[in-house]
Amino acid sequence: GVDTIVGTMEKHYAVSSLLDAGGKILGQLCSQEDIAKAIDALKSNTTSEAEKRYAAAIVSNLAFDDEMLNAIVEGGGIKTLLALIESGDAPSNIADICVRAIGRLGTSAEGLEQLLSSNAIKSILAIVENDDVSAESLASALLTFKTLSTCDEGVEAIVNCGGLDSLLRSI
């Protein structure tokens, strides 16, 4: 069911054809209520690490379905994901999923607008600039910046934040 699809999508987070198909299937199996529950779980101080990881994965992978993506953006998903990253409390495996989710949510006009008007790029760069950045963290950041660079405003924001230099130093 949903758990198997989410697990497979997380394991193969860079295989676009699998992600597209999995996201469409998840969009059929999940509801906007599921999105609200996942966002609430990410906000909660009582949610276990495993539950937060799963909630982040649900949000991240539902972003491949246009209707769900819009519901996540409108439901405060970007703000919630950024808060989790910026808190510094999220383990790297959860932060990586959040970074990928942020990039995926940036594929909608409203999502991109929210990302560009927030500290998203600086927050992601803080992860990348960490001396012990993992390969998965770097890959997640690169995928997110790839999404943001599909428009002139995104490229400008990445360059203005020193993102290009940071990414090149980290590779």
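A residue is called buried under 20% relative accessible area, exposed over 50%, and partly exposed in between, with a 1.4 Å probe and protein chains only. The exercises concern a predicted model, in which local features need pLDDT of at least 70, side-chain atom pairs count only at pLDDT 80 or more, and totals for chains, interfaces and linings use all residues. Residues are numbered from 1 along each chain as its sequence is written, and side-chain values use heavy atoms, with hydrogens and water left out.

**Exercise 1.** Decide whether L142 is buried, exposed or partly exposed, and find its helix.

*Solution.* First, L142 belongs to helix α10, residues 135-148 (helices are DSSP runs of H or I with at least four residues, numbered from the N terminus). Next, because its relative accessibility is 33%, L142 counts as partly exposed.

**Exercise 2.** Place N61 and list its contacts beyond its neighbours within four places in sequence.

*Solution.* N61 sits in helix α4, which covers residues 49-62. Its relative accessibility is 0%, so N61 counts as buried. With neighbours within four places in sequence left aside, N61 is in contact (heavy atoms within 4.5 Å) with V6, M9, E10, L19, G23, L26 and R104.

**Exercise 3.** Count the disulfides, and explain why C98 and C151 form no such bond.

*Solution.* A disulfide is a pair of cysteine sulfur atoms within 2.5 Å, and by this rule the count is zero. For C98, the closest cysteine sulfur, in C30, is 17 Å away and therefore too far for a bond. For C151, the closest is that of C161, at 13 Å, which is also too far for a bond. C98 counts as buried because its relative accessibility is 0%, and C151 counts as buried at 15%.

Notes:
Helices (H or I, at least four residues) and strands (E, at least two) are DSSP runs, numbered from the N terminus.
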